[in-house]
Amino acid sequence: MSKPSDLIQGTLDLLILRTISLEPKHGWAIAKRIEQVSEDVLQVTQGALYPALHRLEQQGWIRAAWRKTETGREAKFYELTKAGRAQLERELAQWERLSKAVGLVIRTAEE
Amino acid sequence: MNLRRSWDIVRMRLRSLARRQRVEEELDKEVRFHLEQQMEENLAAGMPPAEARSAALRKLGGMTQIQEECRDMRRTETIENFWRDLRYALRSLGKSPAFTVVILLTLALSIGANSAIFSVIDGVLLRPLPYPEANRIVRIFFHSADYPKFPLNPFDFRDFRARNRSFESLAGFTRGDLQLSGTGQPERFTGFQVTAGFFDVLGLRPARGHAFTSNDEIPGNGQKVILSDRLWRHRFAADPNVIGRKITLDSLPFTVAGVMPPGTEHPGNEYNGVAHGETVDLWWPFAFRGDPAHRGSHYLEGIGRLKKGVTSTAAQAEMNALIAQLAREHPDALAGWQALVIPLYREIVGPSERLLLVLLGAVGLVLLIACANAANLLLARATARQREMAVRTALGAGRARLMRQMLTESLLIALIGGVLAVSIAVAGVRTLVSLLPAGFPRADTIHVNAVVLAFTLLVALATGILFGLAPALQAARTDVQDTLRAGGRGTGSNRGHLRLRSVLVVGEVGLACLLLIGAGLMLRSFVNLLRADPGFRPEHLLTASLSLPDATYKPAEALHFWDRLTTSLDSVAGIRAAGVGTDLPWTGYDDNVAGFTIEGKKPPANQDFHARYHVASPGYFRAVGIPLVRGRFFVAGDDMKAPLALIVNRIMARRYWPNEDALGKRITFDDHPKEKDWMTIVGIVGDVKDKPDSPAAQMALWWPIEQTPVSVGNMSVAVRGSSDPALLANDLRRAVRQLDPTLAVANIRPMDDIADANVSTARFALFLVALFAGLALTLAAIGIYGVISYAVSQRTQEFGLRMALGAQAGDVRRLVLRQGVKLALMGVALGLVGALALGRVLWSLLYEVSAADPVTFTSVSALAIAVAALACYLPARRATAVDPAHALRSE
């Protein structure tokens, strides 16, 4: 895990949940969206993405359905379950707290 | 975790498991879609198609790896492995049918036996009594050194009831069978006279009508009766208007006050005892007759429901205080007595508890032996599979994985064994219940139920882990290189293997010896019981009981009836003797004890002369077969015109006239006797114990029926014939019918049946322990056979060499036998030591046998060693059957 673009596991879950919170997306779109929004800082490797999706599905946070894409191809779309939405809220709050705490430590250390 | 999510999770797991194919395909399709998207992007960026594709593939990384990781995420690996292990285990069991049959049979038998015994324990000991809050119900007795459990005097009881603070309700009851006539055939029913509050104590309520009140306890208030559900249905056609109906019981008018619901169980009682269960059909009020100052006669059994939070110990302390208080008011009657308060549960199941726990112990030992045996068999097979294990280890299978596989196999075996065991248990319980000793408490509640099934499952699982552990550890320890190089035999680890198996076999033999000794001791005590002189002659003897209603039979008429009955019976061809008396041997006893004065003797301080009193007609002793020691039996002339006569038993004669002749000596029950009040001992008869295994007979005296001061309305009839006593039943019925067609002859039983019922506990214990011991011995023999066969196969080469060097077949055979017998000897030594240590457990179940009986110990040792030698014989023969040349080449 030395490359800066590698994501620690919990964070990837949060990013996926956040990314599909507005509308259902398939795996490719999720990866693209994360890259775009993060201005290519966050690179999601397929090797991490699909296991993560499966894990979230197994845990009941998201569910999947096969649908047609705009180009008329079959793709597996993921969307949040109700429990997943609540989980997202929790993880966001957690993240806020954590990043604030880390920020505080870093700034205090500078002084 | 919310419900919806839980459901989602379960659904996903099930889907991953059940539709694996589909899930895999979807994953494949999903990743492929991703790949195509990537290719399109690459194409759009201007790459040539071939390069676009390989770049996309590169970016995707290892496809298989992704799939594998996704699979991991589905967390089904454990379960899938389990399925694989299970299929593997099934296949390998199928491949060695002999092994499978032996091991499954062993386990099924021993687990089944455990479940069967457990269902008896569950029904008798574990199930709560069928009364609400039954733990608050206690039995109340008087207690002294001579009479550990004595019934109460009615007036003492009434004072206890009025003064106590420990009981929510307190009640008394005493046996009072009644003869129902008027509707069909006259028939006598088991009945009890009960005080008010009896049903409150039990927590029961009549289904119809009402229970008795204290108003019903006043003599002359009109007789009421409460019927059992069974009697109401059978004799009153479930008449809904039965309450208030007049019925005739013992020729007296009774009013039906209530009908008890089905499941009204009698709490069991000691004197004129009736077993616990739905054994009673009539309840009628106990009336307090007589003078409250006279408190000498004790015949009311006490039962009470404690107030919440009061313990039986506290209640007993209060009762003792009350006795002390009453003793100040009535010094002669209550001095020397104490109270005994026992929880009803203990009173009902206490006597059978020891027997059941011994049986559970015995059957548990069988299970242990079966485990050792199964472990042994599995170890033998593990040896054969050592190479396979080594190969799998070499190919990367982890130790945990191999252990899990071995345990899966043993658990599978145990579970199949458990399923088979259930069917054995069902059949076994049926047999057990039919073998249960007469009057065994709560026999009707014994079933194979959910609790028993859960127990069986648990035992099967525990067994599977227990016997699977050794082979599993062995598998995990397999040394790959050694095993592969040695081709799977003759390595160092195999020697350790043999040692472990030998230890198991020694243990098996030891446990089997323990059981055999138990069975041997029980056999000896059973034989002793059968051989013991009963003190009377039970063969060719028919017994019955007859009750003359007070209403139609004044005392003189009753005497006349008994006289005519015995005379008429005497005249029947095939009847050798007939008599009536208040008691019969071995049918339970009525502790009717009376104190008396002996002419010219003073009792020791604080003691009195006492003995149990009975009544007998002239033919009674001859009919029952109680021998005359000295003097004479009663004769027809022992009536009110003659001087008072008395017969005593030998133990009484010896106790009170130790160095003199009791014959001709006189006693009296009168405090200020006139000359006519003295009774002369005219005969001394042999002793009869209360039960065949009672330690000693009680002192007893008999009055001639014509001279007795006690009521002669209820009598037992004894008829001695010259052949099958059952044939006499019709003669007896006919004789009674000719005298009074309204009388019912009750309890018609050949004495042999009664005698048989009295040894049934000993026989039951003997049968089961012997069965378990036999099973144990067989298992141990199989164990020895297995180990010795294995050892022989390991030493084939050595034996070949020995024979090539000139050893005779006999020498080799002896070598093998010695090895087996050595194991057996160690096992036997272990078993003997164990049996000596555990002897105390059995002691109370034995009769006139020491728990360290040398005969039993010696013969069991001999038997075990003989069986062990036999088990070694086959492998020994095989050892010598090999051709030396062949054996030497066999490596």
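Two strands count as paired here if DSSP finds at least two bridges between them. The model on screen is predicted.

**Stop 1: the sheet of chain A**

Select E2(A) and E3(A). Seven bridges join these two strands, and they run antiparallel. One of the bridge pairs is Trp66(A) in E2(A) with Lys76(A) in E3(A). The two strands make a hairpin with five residues between them. In the turn, pick Gly72(A), which has a positive phi of about 80°.

Now add E1(A). Its pairing with E3(A) is also antiparallel and rests on two bridges. Label both pairs: Lys25(A) faces Tyr78(A) of E3(A), and His26(A) faces Phe77(A) of E3(A).

With the three strands shown together, the sheet is open, has antiparallel pairing and reads E1-E3-E2. Which strands stand at the edges? They are E1 (25–26) and E2 (62–68) of chain A; each has a single partner strand, so one side of each has no neighbour in the sheet.

**Stop 2: where chain A meets chain B**

Show both chains and select the residues in contact. On chain A there are 20 of them, and they touch 21 residues of chain B. On the chain A side, the elements giving two or more residues are helix H2 (27–37), helix H3 (46–58), strand E3 (74–80) and helix H4 (82–110). Which of these gives the most? H3(A) does, with eight residues. Colour this side of chain A by residue class: five residues are nonpolar, nine polar and six charged.

**Stop 3: helix H1 of chain B**

Select residues 3–18 of chain B, which form helix H1. Its 16 residues should span 22 Å at 1.5 Å a residue, and the end C-alpha atoms are 22 Å apart, which agrees.

Show Asp8(B), Met12(B) and Ser16(B), the buried residues of H1(B). Looking down the helix axis, these buried residues fall within an arc of 65°, so they line one face of H1(B). An α-helix has 3.6 residues a turn, so residues three or four places apart point the same way.

What do the buried residues of H1(B) pack against? Display H3 and E2 of chain A, together with helix H2 (20–44) of chain B. Then rotate to the other side of H1(B), where the exposed residues include Leu3(B), Trp7(B), Val10(B) and Leu14(B). Ser6(B), Arg11(B) and Ala18(B) are also among the exposed residues there.

**Stop 4: Ile517 of chain B**

Go to helix H17 (residues 492–531) of chain B and pick Ile517(B). Is Ile517(B) buried or exposed? It has 29 other C-beta atoms within 10 Å, and the cut-off for buried is 20 or more, so Ile517(B) counts as buried.

Next, add Gly831(B). Along the chain it is 314 residues from Ile517(B), yet the two C-alpha atoms are separated by 8.5 Å. Leaving out residues up to four places away in sequence, Ile517(B) touches Gly831(B), Ala835(B), Thr856(B), Phe857(B) and Val860(B).

**Stop 5: two positive phi angles in chain B**

Select Glu133(B), in the loop between helix H6 (97–126) and strand E1 (137–143) of chain B. Glu133(B) is not a glycine, but its phi is positive, at about 45°. It counts as partly exposed because it has 13 C-beta neighbours inside 10 Å.

Finish at Asn747(B), in strand E23 (residues 746–750) of chain B. Asn747(B) is likewise a residue other than glycine with a positive phi, near 55°. With 16 other C-beta atoms within 10 Å, Asn747(B) is partly exposed.

Conventions. Residues are numbered from 1 along each chain as its sequence is written. Chains are lettered from A and ligands numbered from 1 in the order in which they are written. This is a predicted model: local features need pLDDT of at least 70, side-chain atom pairs count only at pLDDT 80 or more; totals for chains, interfaces and linings use all residues. Two residues are in contact if their C-beta atoms, placed from the backbone, lie within 7 Å. Helices (H or I, at least four residues) and strands (E, at least two) are DSSP runs, numbered from the N terminus. Ala, Val, Leu, Ile, Met, Phe, Trp, Tyr, Cys and Pro count as nonpolar, Asp, Glu, Lys and Arg as charged, and the others, Gly among them, as polar. A residue is buried if 20 or more other C-beta atoms lie within 10 Å of its own, exposed if 12 or fewer, and partly exposed in between; C-beta atoms are placed from the backbone. The expected span of a helix is 1.5 Å times one less than its number of residues. The arc is that of the directions from the helix axis to the C-beta atoms.
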